[in-house]
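Visitor: Could you walk me through this protein model? I am new to reading structures.

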Amino acid sequence: MHALTTEQQAVVNHPAGSHARVLAVAGSGKTTTMVHRIMHLLGTGVTRSAVQVVMFNVLARKQFADKLTDIGCTPREQPAIDTFHSCAYRIIKRAIDAGIYAAPKEQWIEDDSEQARLLVHRVVQNLEREGVIQPNTVDVELALSAIGLWKGELIPAERAHAACSGDSALIDVYVRFEHEREQRQAIGFDDFVPIAVNLLRTHVSFRQQCFGHLRHLIVDEYQDINAGQQVLVELLAGTHADLMVVGDDDQTIYEWRGARPDFILQYMTGTVLGRAVCDYTLSHSFRFGPLLAQTALNVIANNTVRVAKPLTAHAVQQSTDVFVVREQAEQSTESDQMLCQQLLSLVQRTGEPQHIVVLGRTFSQLQGLEAACLHRRIPYRVLGRRPFFERREVAALVDYLHIAADWQHTVDADNAALVLSIVNMPNRFLSADTMKAALRDAKAQQRTVAEFFHTLVDPTQSPLTRVARERMRDLTDTLIRLNELWRQTQPVQVAFQTILSTTNYLAHFTNYYGNGSESSDRVSCVTQFIEFAKSTGLAVGDFVTHFLALNHTFGYPEEQQILFTTVYRSKGLEYDYVFIPRAQEGYMPVLLSDTLQVWDKAHTSRPIRISSDNIEMERRLFYVAMTRAKRALYIGVSAPPPSGDAIESKPVEPSRFLHEMHVEPTAAVMRHLAAAVAGGTLLHMLEALKEHGASDVFLQQLLRYFTDRPGVARMIGNERIPRWSPIVRSTSPVPVRRKSKAPMLPWWSSVDVSPSTDREEER
């Protein structure tokens with residue numbers, strides 16, 4: 001463990017009797033600082049029972065406890081270290097023991113956490129059956145998110161309001177969900193904080209008994225707490241405990257689930273809960289070198305709603321490369337292939353695939369590189385969602401082809417399941433119960449699939465309404481056409497395009513999820529899959545066989561797989577190598593806004609504004625992605641082709657954040673930094689500044705590396721250094737696979753590394 005910096009020591013020695021706000025940049029050693037703060041408190045006579053630590057998640061809590069153990073504080077000597085949920089759960093258990101809260105009969109946690117989702121699913125089905133909500137208009141995942149947001153804001157069902165693609169229906173689901181949950185006397189994770197808050201508010205003597213002895217409360221990742229967690233913090237601290245909050249407003253990325261930067265930006269300033277708030281900053285990053293530090297700061301400094309703070313590499317000699325991998329092309333697929341080549345070359349050079357992560361703002365941003373890895377037989381895994389070819393919207397497309405292949409086969413359990421998969425994909429508002437009954441009859445009468453569909457469109461035999469029969473007739477015509485394409489061994493992309501054009505498949509996602517990033521993600525997944533299918537060059541039948549055999553791991557163990565995930569899931573983590581594919585407008589930043597907003601209709605007539613500016617939120621996501629890297633950052637982008645080479649389709653536009661990074665001029669200056677800091681000449685740096693320019697933020701940042709070097713400030717003030725011009729753009733959003741046996745050799749030893757064409761890697 002490194003020696004504490006002056007900034008860290010100031011936090012550790014924060015005086016008693018006041019609160020503290022600690023703004024800690026990425027990789028600044030905040031965990032180390034908090035651990036030493038705990039040791040300082042215990043060493044000055046504070047009892048461990050007088051200290052409470054609240055961490056962001058279970059992993060952070062474990063890492064914090066382990067770090068305390070590493071520096072000599074045994075588990076028996078450590079204070080309480082909780083997540084918000086575990087802290088609230090302990091309060092509930094104490095209330096049960098005290099007889100002021102009835103023990104729940106069901107606890108939907110850990111292995112039983114799926115019970116909440118199952119209840120929402122059943123509630124939706126019941127409300128549809130009762131005619132309260134229209135069939136197939138409420139997505140279970142969206143309903144769960146809305147319920148979580150309402151509970152996070154401490155809004156009970158009777159006061160819930162929302163604005164989204166299914167607002168009133170979601171409220172109906174929430175009301176019925178809460179009624180049935182209470183009838184079952186069950187509680188889940190989302191209930192812990194609201195119940196704990198209510199207990200502490202209602203029973204003052206109980207609150208005093210639980211936390212009256214508390215003298216120090218430390219809250220980590222404070223920028224990502226929601227309203228309910230903020231109230232819990234205030235109740236825990238009361239007027240008797242010093243509150244220390246640690247976080248970084250530049251890393252607020254969970255606003256979509258209720259987090260509010262307001263608390264770290266505005267609440268924890270001045271005087272809070274009767275005590276003055278002292279401000280501290282941890283500005284030195286131990287994670288990466290000066291080039292990445294400066295390019296990241298170049299980006300985030302464009303945000304206006306933030307606390308201005310420096311970002312300095314602790315070790316000026318540390319090298320963290322920044323590569324922008326460009327491909328002049330109309331489409332992003334070619335840049336994905338080029339970035340895949342860089343990834344493969346890196347693995348073959350280092351032999352360390354376990355130290356690589358591919359990050360995206362959304363999963364759709366990752367799918368092109370996923371497809372490239374499948375094509376090059378590079379094993380990977382996706383954290384947080386299935387690989388793109390296993391997702392529901394893709395599987396349904398292949399199910400269409402299966403049904404077409406079984407057109408003259410007798411109805412059985414397998415093709416009956418396929419029928420149920422496609423009849424409401426896209427949504428045809430056909431009753432699932434009616435379809436199941438019709439399939440049972442067809443199976444009992446040994447009808448073929450073709451006969452089953454023709455029966456449903458025959459007005460003398462069909463149980464469907466006239467409108468439903470018309471929809472079924474359209475579906476039948478599509479399946480007949482697909483059967484012909486199968487028999488004619490047509491290319492698979494022709495079959496998929498037939499499905500899209502005859503069923504209006506892609507419009508389904510906008511109709512179902514609204515005109516936001518959720519629908520855009522699914523549309524992108526479908527189009528990317530069709531591009532992948534086309535690249536195989538296979539006919540319909542051969543592709544289905546190929547599809548069934550797809551295995552993204554290729555049988556290799558997890559430590560040999562490339563990790564794909566979103567920026568949201570990388571928070572607090574670090575990797576040697578970070579890849580960001582498709583850094584372009586529409587992906588980073590996402591230019592479609594999600595419409596789900598919830599509020600308390602008893603307190604306001606409009607939703608709470610929890611986001612400052614859509615582009616500022618997107619910029620924070622890009623900043624977090626950049627600052628996960630330790631040794632190198634690779635960013636893939638399709639640059640517009642040379643003038644005259646463009647075709648009629650609109651070419652992709654590189655992300656505005658790439659312009660804000662100013663990689664080339666920053667690298668030109670920073671390559672002279674280490675020598676200058678070591679006492680070498682400043683002339684080379686000055687010449688680079690004159691040639692490439694700088695921003696005021698960049699110039700002020702350079703000064704921090706020369707705390708005791710005369711003449712640097714005078715150089716920085718040189719009038720001949722041109723200033724970068726800002727980019728001006730709109731900030732408004734537009735509303736079971738077969739497993740193969742694990743090979744003995746590492747996969748990268750047998751993959752051809754030679755690129756098909758010469759490419760340019762730009763640093």
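Guide: What follows is a short tour of a predicted model, by question and answer.

Visitor: In what order do the strands of the seven-stranded open sheet lie?

Guide: Strands of a sheet pair through backbone hydrogen bonds, either parallel or antiparallel. In this open sheet the pairing is mixed. Read across, the seven strands follow the order β3-β2-β7-β8-β1-β10-β9.

Visitor: Which strands are the edge strands?

Guide: An edge strand pairs on one side only. That holds for the strand at residues 80-83 and for the strand at residues 271-272. The edge strands are β3 and β9.

Visitor: Which residue of β3 stands opposite Val 54?

Guide: Strand β2 covers residues 51-55. β2 and β3 pair in the parallel sense, over four bridges. Opposite Val 54, in β3, stands Asp 82.

Visitor: How many bridges join β1 to β10?

Guide: β1 spans residues 19-24, and β10 spans residues 275-282. The two strands run parallel. One opposite pair is Ala 20 with Cys 278 in β10. The number of bridges joining β1 to β10 is six.

Visitor: Do β9 and β10 pair in the parallel or the antiparallel sense?

Guide: Two bridges link β9 and β10. Val 272 has Arg 275 in β10 as its bridge partner. The sense of the pairing is antiparallel.

Visitor: Which residue in the turn of the β9 and β10 hairpin has a positive phi?

Guide: Two residues lie between β9 and β10 in this hairpin. One residue in the turn has a phi of about 50°, a positive value. That residue is Leu 273.

Visitor: Now the helices. Are α20 and α22 roughly parallel or roughly antiparallel to each other?

Guide: α20 covers residues 492-503, and α22 covers residues 517-536. Their axes come within 8 Å and cross at roughly 155°. Angles over 145 degrees count as roughly antiparallel. So α20 and α22 are roughly antiparallel.

Visitor: Is the crossing of α20 and α22 left-handed or right-handed?

Guide: Handedness is a separate question from the angle. For α20 and α22, the crossing is left-handed.

Visitor: How does α4 lie relative to α10?

Guide: α10 covers residues 227-237. α4 and α10 pack at an angle of about 55°, with their axes 12 Å apart. That angle makes α4, relative to α10, oblique. The crossing of α4 and α10 has a hand too: left-handed.

Visitor: Next, the cavities. Which elements each supply at least two residues of the lining of the largest cavity?

Guide: This cavity holds about 40 Å³ of space. Its lining includes Arg 37, His 216, Leu 217 and Asp 242. Elements at residues 30-43, 216-219 and 242-247 each supply at least two lining residues. They are α2, β7 and β8.

Visitor: By class, how many residues in the lining of the largest cavity are nonpolar?

Guide: Leu 41, Ile 218 and Met 244 are among the lining residues. Three of the lining residues are polar, and two are charged. The nonpolar count is five.

Visitor: Which element gives the largest share of the lining of the second largest cavity?

Guide: The second largest cavity has a volume of about 30 Å³. Arg 90, Ile 91, Arg 94, Cys 210 and Phe 211 line this cavity. Two elements give two or more of these residues: α4 (84-98) and α9 (204-211). The largest share is three residues, from α4.

Visitor: By class, how many residues in that second lining are charged?

Guide: Three residues there are nonpolar, and none are polar. The charged count is two.

Technical notes
Residues are numbered from 1 along each chain as its sequence is written. This is a predicted model: local features need pLDDT of at least 70, side-chain atom pairs count only at pLDDT 80 or more; totals for chains, interfaces and linings use all residues. Side-chain values use heavy atoms; hydrogens and water are left out. On a 1 Å grid over the protein atoms alone, a cavity is a set of points where a 1.4 Å probe fits but cannot get out, and a pocket is an open set with protein on both sides within 12 Å along at least five of seven lines; lining residues have an atom within 4 Å of a point. Grid points are joined across faces, edges and corners, and a volume is the space filled by probe spheres set on the points. Ala, Val, Leu, Ile, Met, Phe, Trp, Tyr, Cys and Pro count as nonpolar, Asp, Glu, Lys and Arg as charged, and the others, Gly among them, as polar. Two strands pair if DSSP finds at least two bridges between them. Axes are lines fitted to C-alpha atoms, for helices over the stretch in contact, and angles run from 0 to 180 degrees between N-to-C directions. Angles under 35 degrees count as roughly parallel, over 145 as roughly antiparallel, 65 to 115 as roughly perpendicular and the rest as oblique. A crossing is left-handed if the near helix is turned anticlockwise from the far one by less than a right angle, and right-handed if clockwise.
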